[in-house]
Amino acid sequence: MTDSVASICPDNGTVDLKLRLGFADGKHLRYLSFDANSEESAALEASTFAPAESDILQSGATEIIYTIVNGRTGPKDPGRQGLNSALSGEGPALDILANFKEISAGYSPMWDVQLTEWTKAAVGNNQRKLTVTTLQQKAKLAYW
């Protein structure tokens, strides 16, 4: 059993998989994540570390996914988001898929994770909020 598997029932021949939460096209998204090509991503997504996937990234066939590092925290805060919150055990990072609208011929299951962070000014002025699209807060988010 892997971290992506919630339960297995051999008698029924079924497997329950854990869904990840995020955003795409400004809407809530639930998705499956089975493996990652970096140990850090695999740990954060509770998926299998698969280093050979790095070879596929050279093809350019990737979907950009933004992960906010320093979003709001607090398990009951409806605006919480990001790595700091996820690493504190408050829930998923709530990533944003940049170009995903629906499964189509142009979709790639290989993701290029782009880390982003709120600027010091946005943090200081209490302007951080749950971000669901990549266009919404560009002036206040710094992209790495």
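Which helix holds serine 85? Serine 85 lies in helix H3, which covers residues 83–87. The model is predicted. This report starts with the chain as a whole, then moves through its strands, its loops and one pocket.

## The chain as a whole

The protein chain has four helices and ten strands. Along the sequence, the pattern reads β-β-β-β-β-α-β-α-β-α-β-β-α-β. The chain has 144 residues, and 33% of them count as buried. Its accessible surface comes to about 8700 Å². Carbon and sulfur atoms account for 53% of that surface. Take the contacts between residues at least 6 apart in sequence: 50% of these join residues at least 24 apart.

## Strand pairs

Two hairpins come up along the early strands. Strand S1 (residues 5–9) runs antiparallel to S2, and four bridges join them. In this pair, cysteine 9 stands opposite threonine 14 of S2. Four residues separate S1 from S2 in the hairpin. Glycine 13 sits in that turn, with a positive phi of about 70 degrees.

S3 and S4 form another hairpin, with two residues between the strands. Aspartate 25 in this hairpin takes a positive phi near 55 degrees. Most residues other than glycine have a negative phi. The S3 and S4 pairing is antiparallel and has five bridges. Leucine 21 has arginine 30 in S4 as its bridge partner.

Strand S7 (63–68) pairs with S8 and with S9. With S8 the sense is antiparallel, over two bridges. There, isoleucine 65 has leucine 97 in S8 as its bridge partner. With strand S9 (residues 111–118) the run is parallel, over six bridges. Tyrosine 66 stands opposite glutamine 114 in S9. How many of the six residues of S7 are buried? Five are, so S7 is largely enclosed by the rest of the structure.

The table gathers the strand pairs.

| Strands | Sense | Bridges |
|---|---|---|
| S1 and S2 | antiparallel | four bridges |
| S3 and S4 | antiparallel | five bridges |
| S7 and S8 | antiparallel | two bridges |
| S7 and S9 | parallel | six bridges |

## Around serine 85

Is serine 85 buried or exposed? Its relative accessibility is 0%, and buried means under 20%, so serine 85 counts as buried. Leaving out residues up to four places away in sequence, serine 85 touches Arg72, Thr73, Arg80, Glu90 and Gly91.

Glycine 74 belongs to the loop between S7 and H3. Its C-alpha is 7.0 Å from that of serine 85, and the two residues are eleven apart in sequence. Glycine 74 has a relative accessibility of 18%, so it also counts as buried under the 20% limit. Beyond its neighbours within four places in sequence, glycine 74 is in contact with Arg80 and Glu90. Arg80 and Glu90 are also among the residues that serine 85 touches.

## Other loop residues

Lysine 18 is in the loop between strand S2 (14–17) and S3. With a relative accessible area of 37%, lysine 18 is partly exposed. Serine 33 is 15 residues from lysine 18 in sequence, and their C-alpha atoms are 8.5 Å apart.

Asparagine 126 is in the loop between helix H4 (120–124) and strand S10 (141–143). Is asparagine 126 buried or exposed? Its relative accessibility is 64%, and the exposed class starts over 50%, so asparagine 126 counts as exposed. Its phi is positive, near 55 degrees, though asparagine 126 is not a glycine.

Leucine 94 is in the loop between H3 and strand S8 (95–97). Leucine 94 also has a positive phi, of about 60 degrees. Its relative accessible area is 14%, and leucine 94 is buried.

## The second largest pocket

Which residues line the second largest pocket? They are Leu21, Gly22, Phe23, His28, Leu29, Arg30, Pro78, Arg80, Leu94 and Leu130. Strand S3 (20–24) and strand S4 (27–31) are the elements that give two or more residues to this lining. By class, the lining has six nonpolar, two polar and two charged residues. The volume of the pocket is about 150 Å³.

Several names from earlier sections return here. Leu21 and Arg30, both in the lining, are the bridge partners from the S3 and S4 hairpin. Arg80, also in the lining, is among the contacts of serine 85. Leu94 is another lining residue, and leucine 94 is the buried loop residue with a relative accessible area of 14%.

Technical notes. Residues are numbered from 1 along each chain as its sequence is written. This is a predicted model: local features need pLDDT of at least 70, side-chain atom pairs count only at pLDDT 80 or more; totals for chains, interfaces and linings use all residues. Side-chain values use heavy atoms; hydrogens and water are left out. On a 1 Å grid over the protein atoms alone, a cavity is a set of points where a 1.4 Å probe fits but cannot get out, and a pocket is an open set with protein on both sides within 12 Å along at least five of seven lines; lining residues have an atom within 4 Å of a point. Grid points are joined across faces, edges and corners, and a volume is the space filled by probe spheres set on the points. Ala, Val, Leu, Ile, Met, Phe, Trp, Tyr, Cys and Pro count as nonpolar, Asp, Glu, Lys and Arg as charged, and the others, Gly among them, as polar. Buried means under 20% relative accessible area, exposed over 50%, partly exposed in between (1.4 Å probe, protein chains only). Contact means heavy atoms within 4.5 Å. Accessible areas come from the Shrake-Rupley method with a 1.4 Å probe; for residues, only the protein chains shown count as cover. Two strands pair if DSSP finds at least two bridges between them.
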